Amino acid sequence: MRNSLREASSMDFTNPVLNADWPDPDVVRVGDDYFMAVSSFNRAPGLPVLHSRDLVTWEVIARALPAVPPEAHYRLPRHGGGVWAPSIRHHDGTFHITYPDPDHGIFVVSAEDPRGPWSPARLLLGGTGLIDPCPLWDDGRAYLVHGWARSRSGVANRLTMVEVDNGLTRLVGVPRTVIDGAELPGYHTLEGPKLYKRDGWYWIFAPAGGVATGWQSAFRARDIAGPYEGRVVLAQGGSPVNGPHQGAWVDTPTGEEHWFLHFQDRGVFGRVVHLQPMTWQADGWPVIGAAGEPVPTHRRPTAPVVPQREPARCDDFTTTSLGLQWHWQANPEPDWLALPGDGTLRLRVLPDDVGDLRLLPRVLGQPLPGRPSTWTTSLTLGPSAPGTRAGLVVLGTEYAWLGIEETPGGVHVICRRSVGRGQEHTFAQAALPVRGVQVRVDCDAEGTIGFAWRPLGAAAWREVDTRFQATAGRWIGADIGLFAAAPLGTPDARNHVTFGPVSVDLSGVEEVAA
């Protein structure tokens, strides 16, 4: 294998640099700083923005969409909808994130500071099936390239270009196809374009071949309208990295180094992010990775060297604002939670539980890490109507949860999993001597989940015998989250479930401080 693992040193990084579901990454460099935007689909707040000084260690600095528009539509979980692959660019002192909603069109949010505040989303191009937009400013004019989703439009495997105004508020030209995958032997699912200009050439970096099995191509033309010629510049080859594609080309501040960030679909763990070296050949074409295959380790980019770390996951709930690592499954309401800053989080109990946590908007989650992890928290339920429940859930197309439930005979610890729509199977249940419990979830390298619990104040953990295979969501990996709800139709008692700090053990992996 041409890119076999070599001994790593302190000057090396190890892929993936973001080992969790950070889908469809795009990156822009401004000065010495790199900023990344990723997809968030139905979850809110959406459009995470990350920052790095070295392309290796990233921290979440903002969520550009407090709510996904149209806000009324996304008050319910619209799995697979919402924010698809965005681009982030900086022009004339302003950051712009251009993102698609395949059911509504192409939107733009803007900010002078990537940490926010970001402008409300504005619709640049309405329609269905419009995906993966990216702008380029060139000689006083602006252009937008985008792809197509067959599921919404009946069109796919082609890239469209259109001239827009410099503020990304309206079209000023007529859309036209610039690359048609049907004319390229072996191509299907050509999408995710990123538009650049270098040394008089216009470049469109675009993946093809599908999310889990695709490759990365690059196309170039002397005229932005084409004709474009292309070649494959990154593919799995003999490496273990399936479908290495869709991402961002950036250079270092000196312009001497070039790098490419892309995702790998790891199923239940979502789309993790890899960093690849990129060089330019004498014929003017790029080569990514080691001879066009992903590298597992490599020398770091020239930048201040800090330990390789991951974005924060733990939360001690000692602030009065929600940490940037969290998201809901739909647009939130202000009264869904309370953060008094005393080390607790209080989730409002609302009577909207139809028996299927996939349909519950108020699951407060974050992506399941791509390596073994153990999650621990506590929860306390005050006197409630029978059927009121709360806990820690691993949520995908199927789910399992461990927590507490009010029953006619008192509060019980419960462990259940989904078995079809609106049905759950109980595989552990026991009466609690107190109204609080500490819960623990562990996930192994294959995505197999184990549960354990102990009453508050008790020393010994009790493990649930049955393990559960976590599943991916719709275009996303599994989430791990907190929830509280009462059965639909129950009188609203306006009570809360109190959660304690969430701790996450990643077997020695260091996190960026929250």
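Visitor: Which side chain meets Glu333 in a salt bridge, and is that partner buried or exposed, or in between?
Guide: In this predicted model, local features need pLDDT of at least 70, side-chain atom pairs count only at pLDDT 80 or more, and totals for chains, interfaces and linings use all residues. Side-chain values use heavy atoms, without hydrogens and water, and residues are numbered from 1 along each chain as its sequence is written. A salt bridge (a side-chain nitrogen of Lys or Arg within 4 Å of a carboxyl oxygen of Asp or Glu) joins Glu333 to Arg75 at 3.9 Å, N to O. With buried meaning under 20% relative accessible area, exposed over 50% and partly exposed in between (1.4 Å probe, protein chains only), the relative accessible area of 43% makes the partner, Arg75, partly exposed.

Visitor: How many residues apart are Glu333 and Arg75?
Guide: Strands here are DSSP runs (E, at least two residues; helices are H or I, at least four), numbered from the N terminus. Glu333 lies in the loop between strand 22 and strand 23, and Arg75 in the loop between strand 5 and strand 6 (87-91), so the pair links distant parts of the chain, 258 residues apart.

Visitor: Which residue forms a salt bridge with Arg300, and what is its relative accessibility?
Guide: Arg300 is in the loop between strand 22 (297-299) and strand 23 (337-338), and its partner is in the loop between strand 4 (46-52) and strand 5 (59-65), so the pair ties together parts 246 residues apart in sequence. Arg300 is buried, at 6% relative accessible area. The closest N and O atoms are 3.3 Å apart, and the partner, also buried, is Asp54, at 4%.

Visitor: How many residues apart in sequence are the parts tied together by Asp283 and Arg231?
Guide: The two side chains meet in a salt bridge at 3.4 Å, N to O. Because Asp283 lies in the loop between strand 20 (271-280) and strand 21 (286-288), and Arg231 in strand 17 (residues 229-234), the parts tied together are 52 residues apart.

Visitor: How many disulfides are counted?
Guide: A disulfide is taken as a pair of cysteine sulfur atoms within 2.5 Å. For Cys415, the nearest cysteine sulfur, that of Cys443, is 14 Å away. The count of disulfides is zero.

Visitor: Over which residues is the pLDDT below 50?
Guide: The chain averages a pLDDT (the predictor's confidence in each residue, from 0 to 100) of 94, and 96% of the residues score at least 70. Where pLDDT is low, the predicted coordinates should not be read in detail. The stretch with pLDDT below 50 is residues 1-8.

Methods. Contact = heavy atoms within 4.5 Å.
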